[in-house]
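Hi,

Here is the structure I promised to pass on. Have a look at it first, and my notes follow underneath.

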Amino acid sequence: MVLASRFLGASGVHATIDPDPWHANAFVFSIDNAEQSHVNLAHPGDVFYEYLRRIANAVDLVKPAGEPVAALHLGAGALTLARYIQATRPGSVQHAVELERELLDFVLEQLPLPAGTLLTGHVGDAREALGELPAGLEFDVVILDIFSGPDAPAHLACTEFYREAAGVLAPGGVLLVNVGDEPGFTLVSSQVRALGAAMAGVAAYGTSNLFSRRFPGNIILMGRDGTWPEEWSQALVAAGPHPATVLSGLELDGLAG
């Protein structure tokens with residue numbers, strides 16, 4: 001049973017929110033009948049979808065546990081990760097950019113953010129909005145969750161955009177990119193190359209069997225200044241979901257193609 005539905009004018013499809021039949025106070029957010037996010041209002045620190053859990057694991061490494069961060073979400077969805085950050089790092093300052101004007105209002109009306117969340121919403125194209133942020137604003141983490149298949153927007157799936165995104169990172173900050181792809185992973189490969197040309201330390205994180213390129217799925221690409229820390233790779237593999245693999249350095253070259 002659909003809890004609520006909203007027409008999205010820019011894409012011409014409907015966004016829906018459905019109760020999760022297996023978990024009380026939890027909901028599934030979909031666009032055009034494709035599930036996008038899962039939100040647990042009672043326990044916003046619980047992240048159900050695997051790829052979002054991996055992004056959350058990477059966010060956990062940016063600063064000591066419980067310490068507030070500044071976060072920029074490019075692609076808002078149901079704000080699952082914004083909820084997670086507030087739940088695990090109260091006092092964090094967050095910004096979210098969403099292309100669909102109706103979507104942010106719809107999500108916030110139906111699925112309120114945890115009390116005390118400091119989040120500013122922006123409506124518009126991710127690249128344009130990035131350039132319109134107040135001068136001097138820096139983020140500990142920038143999360144790009146827009147790509148949904150091989151046909152990614154060319155103005156976002158490029159080195160120039162990654163350089164612009166890296167330009168708003170605070171020292172020690174990390175850029176996290178969710179790349180959903182089909183077998184063969186042509187988009188993943190192109191984005192490894194693009195991100196590698198923009199940032200010095202790059203790694204790829206995902207379910208181990210995805211690196212065979214034989215299955216569809218989501219790979220999380222991660223970039224930061226300097227050499228990618230091996231201790232980060234070890235921590236992410238240990239955090240799961242299992243089995244997990246992190247590739248960096250020479251190991252990443254094969255994925256780049």
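The chain has eight helices and 12 strands, where helices (H or I, at least four residues) and strands (E, at least two) are DSSP runs numbered from the N terminus. Bear in mind that this is a predicted model, so local features need pLDDT of at least 70 and side-chain atom pairs count only at pLDDT 80 or more, while totals for chains, interfaces and linings use all residues. Residues are numbered from 1 along each chain as its sequence is written, and side-chain values use heavy atoms, with hydrogens and water left out.

On overall shape, the radius of gyration is 17 Å, which agrees with the value near 18 Å for a compact globule of 257 residues. That radius is taken over C-alpha atoms, and the globule rule is 2.2 Å times the number of residues to the power 0.38. Along the principal axes, the C-alpha atoms fill a box of roughly 50 × 40 × 35 Å.

Of the 257 residues, 53% count as buried (under 20% relative accessible area; exposed is over 50%, partly exposed in between, with a 1.4 Å probe and protein chains only). Taking contacts (heavy atoms within 4.5 Å) between residues at least 6 apart in sequence, 65% join residues at least 24 apart. The chain exposes about 11,200 Å², and carbon and sulfur atoms supply 54% of that area (Shrake-Rupley method, 1.4 Å probe; for residues, only the protein chains shown count as cover).

Now the helices. Helix α2 (80-88) is largely enclosed by the rest of the structure, because seven of its nine residues are buried. Those are Thr80, Leu81, Ala82, Arg83, Tyr84, Ile85 and Gln86. Just ahead of α2, in the loop that comes from β5, sits leucine 79. Its phi is near 60 degrees, a positive value in a residue other than glycine, and leucine 79 is buried too, with a relative accessible area of 2%.

In helix α5 (residues 159-166), the buried residues are Thr159, Phe161, Tyr162, Ala165 and Ala166. Seen down the axis of α5, they fall within an arc of 160 degrees, so they line one face of the helix (the arc is that of the directions from the helix axis to the C-beta atoms). In general, an α-helix has 3.6 residues a turn, so residues three or four places apart point the same way. The buried residues of α5 pack against β5, α4 (126-131), β8 (139-144), β9 (169-181) and α6 (186-198).

The loop between β9 and α6 holds phenylalanine 185. Here phi is near 55 degrees, again positive in a residue other than glycine. Phenylalanine 185 counts as buried, at 0% relative accessibility.

For an exposed loop residue, try alanine 65, between α1 (50-59) and β5 (70-74). Alanine 65 counts as exposed because its relative accessibility is 77%. From alanine 65 to threonine 88 is 7.7 Å, C-alpha to C-alpha, with the two positions 23 residues apart in sequence numbering.

Last, the loop between α7 (230-239) and β12 (244-248), where proline 241 lies. The peptide bond from glycine 240 to proline 241 is cis, with omega near -10 degrees. Proline 243 is found in that loop as well, and the bond leading to proline 243 from histidine 242 is cis, with omega near -5 degrees.

Cheers
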